[in-house]
Amino acid sequence: MKRSGAQRATLAALLLAASAAVHGDDAVDAAGWQLRQEDAQTETRVWTREQPEGLPEFRAATIIPARLVSLAAVLLDATRTQDWVFRAREAVLLSSDGPT
């Protein structure tokens, strides 16, 4: 199956995020991230760090009990954005290279 540029970029972002989660806290701390919140029940952690521009960054990690292909399908489906993006009112697909 041939993937569109948007699909390849989304898949690359997902793999990069998964890779960052696997590398653990040491790399995060070395980059200036500070753990702010941790929920042992959901295995969710939230880190923040300040930027020179004054806007804080945040990073969150959790374990989702699903196959990567299922997660990618949800992320690529613009009609389901409101299901997983906090306070999203609307998502509009402006263009597409394929069926996603």
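Select strand 1 (34-39) and strand 2 (44-50). In this predicted model, the two strands pair in the antiparallel sense, over 5 bridges. To check the register, pick Gln 37, which stands opposite Val 46 of strand 2. The two strands form a hairpin, and 4 residues separate them.

Now colour strand 1 by accessibility. Of its 6 residues, 0 are buried, so strand 1 lies largely in the open.

**The turn**

Move to Glu 43, in the loop between strand 1 and strand 2. What is the sign of phi at Glu 43? Phi is positive there, about 55°, although Glu 43 is not a glycine. Most residues other than glycine have a negative phi. Keep this residue labelled, as Glu 43 belongs to the turn of the hairpin.

**Across the hairpin**

Show the side chains of Arg 45 and Glu 38. They meet in a salt bridge, with an N to O distance of 3.3 Å. Side chains of opposite charge can pair when their charged atoms come close. Arg 45 has a relative accessible area of 30% and is therefore partly exposed, as the range between buried and exposed starts at 20% and ends at 50%.

Next, select Thr 48, which is in strand 2. Its side chain makes a polar contact with the side chain of Arg 36, at 2.7 Å. Expand the selection to the residues that touch Thr 48, leaving aside neighbours within four places in sequence. The set is Gly 32, Trp 33, Gln 34, Arg 36, Glu 57 and Phe 58.

**Arg 49 and Glu 57**

Glu 57, one of the contacts of Thr 48, is the next stop. Which residue forms a salt bridge with Glu 57? The partner is Arg 49, and the closest N and O atoms are 2.5 Å apart. Both ends can be checked for exposure. Arg 49 is partly exposed, with a relative accessible area of 23%, and Glu 57 is also partly exposed, at 27%.

**A charge over a ring**

Select Trp 47 and Arg 59 together. The charged end of Arg 59 sits over the ring of Trp 47, 4.6 Å from the ring centre. What does a search for aromatic pairs return? Across the whole structure the search finds 0 of them.

**Helix 4**

Go to helix 4 (81-84) and select Thr 81, which is found in this helix. Is Thr 81 buried or exposed? Thr 81 is buried: its relative accessible area is 14%, and the limit for buried is under 20%. Its side chain reaches the backbone oxygen of Ala 78 at 3.0 Å. With neighbours within four places in sequence left aside, Thr 81 is in contact with Ala 88 and Ala 91.

Then show Arg 80 and Asp 83. These two form a salt bridge, with the closest N and O atoms 3.4 Å apart. Arg 80 is partly exposed at 36% relative accessibility, whereas Asp 83 is exposed, with a relative accessible area of 59%. The structure holds 3 salt bridges; among them are Arg 45 with Glu 38 and Arg 49 with Glu 57.

**After helix 4**

Continue to Arg 87, in the segment after helix 4. Like Glu 43, which has a positive phi of about 55°, Arg 87 has a positive phi without being a glycine, here about 60°. At 69% relative accessibility, Arg 87 counts as exposed, because the cut-off for that class is over 50%.

Glu 90 is also found in the segment after helix 4. Glu 90 is exposed, with a relative accessible area of 64%. Draw a distance from its C-alpha atom to that of Thr 79. The result is 8.5 Å, for two residues 11 apart along the chain.

**The whole chain**

Zoom out and colour by secondary structure. There are 4 helices and 3 strands, and from the N terminus on the elements run α-α-β-β-β-α-α. How much of the protein counts as buried? Of the 100 residues, 11% do. For a contact map, take the contacts with a separation of 6 or more: residues 24 or more positions apart account for 23% of them.

How values were computed
Residues are numbered from 1 along each chain as its sequence is written. This is a predicted model: local features need pLDDT of at least 70, side-chain atom pairs count only at pLDDT 80 or more; totals for chains, interfaces and linings use all residues. Side-chain values use heavy atoms; hydrogens and water are left out. Rings of Phe, Tyr and Trp (its six-membered ring) pair if their centres lie within 6.5 Å; planes under 30 degrees apart count as stacked, over 60 as edge-to-face and the rest as tilted. A charge sits over a ring if NZ of Lys or CZ of Arg is within 6 Å of the ring centre and within 35 degrees of the ring normal. Buried means under 20% relative accessible area, exposed over 50%, partly exposed in between (1.4 Å probe, protein chains only). Two strands pair if DSSP finds at least two bridges between them. A polar contact is a pair of N or O atoms within 3.5 Å; within protein, one must be able to donate a hydrogen and the other to accept it, and residues adjacent in sequence count only if both atoms are side-chain atoms. Contact means heavy atoms within 4.5 Å. A salt bridge is a side-chain nitrogen of Lys or Arg within 4 Å of a carboxyl oxygen of Asp or Glu.
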